[in-house]
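Visitor: I'm new here, so could you walk me through this one and tell me how each label is earned?
Guide: Happy to. Have a look first, then ask away.

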Amino acid sequence: MLRPIASLLLLTTLALAQEPKGDTVKVAVKVKSVSGQNVYLDTGRAAGLRAGDRLVLRPAGRHEVFGYVREVSRKHARAILDEPEFVPALDTPGEVVIPKSRLTDGSGGTPDQPERPVPEHPPWPTELPEGRTDVPLLAPVASRRPSDRPFSVHGRAWLGLDASETGIGGTSRFYYGHAGTDMELSNPFEEGGEVRFRGDLYHRRFEATGVTEDETRLRVDRLSYRYGHADDAPWRFQVGRFLQSLAPEFGVVDGAETDVRLGVESRLGLVFGGFPDPESLSRSLDDQQLSVFYRWSPNEDRDLELAGGYQHTWHDGAPDRDLVLLRGFWRGEGGVSVHGAAYIDIYGSNERVESSGVSPTELQASFNWTIDRSNGLSAYLDWFRYPDIYLYGYDQLAPERILDDYVFRWPLSSWHLLTDELRLDLRAVPWKDQDRDGLDLEVRTTVRDWLPADLDLDVTVFRTAGSYQDGWGYRVELHHYGPSHGLDIGYEWADYEFASTPLSGSSSDPQGLWANLRMDLSDFWDLSARLDHRFGGNQDSLSLNLYLQYRF
């Protein structure tokens with residue numbers, strides 16, 4: 001069933017690749033921070049970006065991820081990804097394709113060209129009140145009351161299909177179809193609040209020799225009412241199922257949240273509620289939490305932000321976890337920024353494994369330096385060990401894993417624009433766990449706008465030293481972006497040697513061939529498709545992903 005569809009998709013992508021070069025330009029962007037489903041970019045209106053523009057991110061070692069720009073300021077932008085479950089790493093590169101006319105029509109500028117200046121004497125759209133000649137021209141204009149504001153709905157809806165077929169050890173097939181929406185209803189009760197809903201209705205089917213499994217379920221990820229959603233609101237509250245606003249690291253809760261503004265850019269928040277099951281999100285009676293969080297910034301630019309919070313959880317009515325979260329970032333002059341976070345568990349005398357005391361369970365830090373327009377450098381630190389808790393099924397871990405297991409990585413990466421058409425990305429990931437250590441390497445060369453039909457060429461050579469296999473490989477990708485579509489075709493080959501029993505000493509040469517296609521069907525509709533074939537090295541699988549989205 002998948003083979004004819006795969007052939008049709010491949011022919012379509014090849015036909016699009018032959019289209020002539022469109023009247024567009026690619027704006028390079030990078031991920032500077034992530035909060036919940038919001039991805040913040042380092043480029044904004046001054047480079048021509050506008051709300052609604054399509055975004056493509058290129059994470060290391062993963063297929064491209066698409067999204068769209070939701071809001072822009074002069075130097076930054078906020079985007080929403082089509083795959084909300086994916087969390088990009090800081091400094092992940094990407095591109096936004098915009099019309100060339102934006103760089104010349106006076107509505108924006110290039111990174112070296114400031115925006116059009118504001119007219120010296122702009123028109124005055126507001127007339128003086130009739131009969132009030134004594135009102136100053138610069139008198140404040142009264143804002144509309146919530147009851148006078150219109151009710152509005154915006155968001156997106158989607159239909160998706162994932163299908164895969166595997167031929168190793170007998171043919172098996174997997175199908176996953178889903179339909180859902182993520183929407184915000186503004187001012188639904190004429191009080192200035194907002195209702196947020198995100199839900200999925202999905203059907204899952206697995207077929208193998210003598211086995212057939214079916215499951216249909218409704219999944220509700222978000223359902224909440226929020227009042228005072230603006231960041232400068234003096235007081236805000238939220239009830240329902242939501243991701244915590246000030247500390248999304250504390251997770252999704254079924255409950256209530258409130259926070260108040262203290263100073264220019266400082267807020268204090270309190271959240272109480274139950275934890276939905278992380279897999280099905282169907283219940284929240286087994287685990288509850290109470291958290292308090294404080295965020296401080298000295299000015300509206302938020303170049304410096306420090307935050308800290310405390311979370312206490314209960315499992316089946318008994319105390320479970322005491323967690324302290326410390327977080328901060330600093331963005332300085334000269335393209336330098338620093339991010340950091342620490343998760344610290346406080347253990348008492350009734351833990352299953354750990355003794356009383358304070359124990360860090362996760363540390364994250366990153367340093368990013370945009371040296372100039374042609375060079376950048378990033379350094380990361382990521383350390384993790386299992387906490388001794390019941391939440392999220394950690395109680396199923398063996399005691400020795402809680403005491404001994406850990407993962408420590410300290411990646412280093414840099415990018416260099418050798419010319420306007422040639423880019424070089426270097427990445428090294430030293431790592432260590434409780435059993436062994438290793439070093440992953442990746443060198444990627446990108447040639448832009450050099451091949452016919454406005455194609456970009458990526459050639460990547462990588463070395464992987466994992467816990468179970470060591471080896472090297474290469475990846476070749478072609479990227480094409482037109483005014484209303486995008487296309488990626490890639491091939492990967494690797495040569496691995498297994499380092500663990502019972503496969504110790506044996507080797508494998510897995511290969512992959514894939515194609516991604518995105519099409520803007522209109523200003524509101526877009527379609528994306530991915531075809532992925534894995535073969536060689538004792539693998540034979542074909543997968544197809546279709547995703548139709550409507551934005552409103």
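Guide: This is a predicted model. Let's begin with its largest nonpolar core, which has 17 residues. Val27, Val29, Leu41, Leu49, Leu55, Leu81 and Val96 are the members that touch the most others in it. Strands S1 (24-35), S2 (38-41), S3 (54-57), S4 (65-72), S5 (77-81) and S6 (93-99) each give two or more residues to this core.

Visitor: What does valine 27 touch, leaving out residues up to four places away in sequence?
Guide: Thr43, Ala47, Leu49, Gly94, Glu95, Val96 and Ile98. Two of those names, Leu49 and Val96, were in the list of best-connected core members too.

Visitor: Why is leucine 290 called partly exposed?
Guide: Its relative accessible area is 34%. Buried means under 20% and exposed means over 50%, so a value in between counts as partly exposed. Leucine 290 sits in strand S14.

Visitor: What makes leucine 290 eligible for a nonpolar surface patch?
Guide: A patch residue needs over 30% relative accessible area, and leucine 290 has 34%. Leu290 is indeed listed in the patch, along with residues including Phe272, Trp296 and Tyr310. Together the patch residues have about 1,000 Å² of accessible area. Strand S14 (287-296) supplies at least two of them, as do S13 (267-274) and S15 (304-315). The largest share, four residues, is from S14.

Visitor: How confident is the predictor, on average?
Guide: The average pLDDT is 83, and 82% of the residues score at least 70. Residues 16-21 fall below 50, with eleven contacts beyond near neighbours in sequence. Residues 106-116 also stay under 50.

Methods:
Residues are numbered from 1 along each chain as its sequence is written. This is a predicted model: local features need pLDDT of at least 70, side-chain atom pairs count only at pLDDT 80 or more; totals for chains, interfaces and linings use all residues. Side-chain values use heavy atoms; hydrogens and water are left out. A nonpolar core is a set of buried Ala, Val, Leu, Ile, Met, Phe, Trp, Tyr and Cys residues joined through side-chain atoms within 4.5 Å. Buried means under 20% relative accessible area, exposed over 50%, partly exposed in between (1.4 Å probe, protein chains only). Contact means heavy atoms within 4.5 Å. pLDDT is the predictor's confidence in each residue, from 0 to 100. Patches are made of residues with over 30% relative accessible area and no salt bridge: like charges are joined within 9 Å, nonpolar side chains (Val, Leu, Ile, Met, Phe, Trp, Tyr) within 5 Å. Accessible areas come from the Shrake-Rupley method with a 1.4 Å probe; for residues, only the protein chains shown count as cover. A salt bridge is a side-chain nitrogen of Lys or Arg within 4 Å of a carboxyl oxygen of Asp or Glu.
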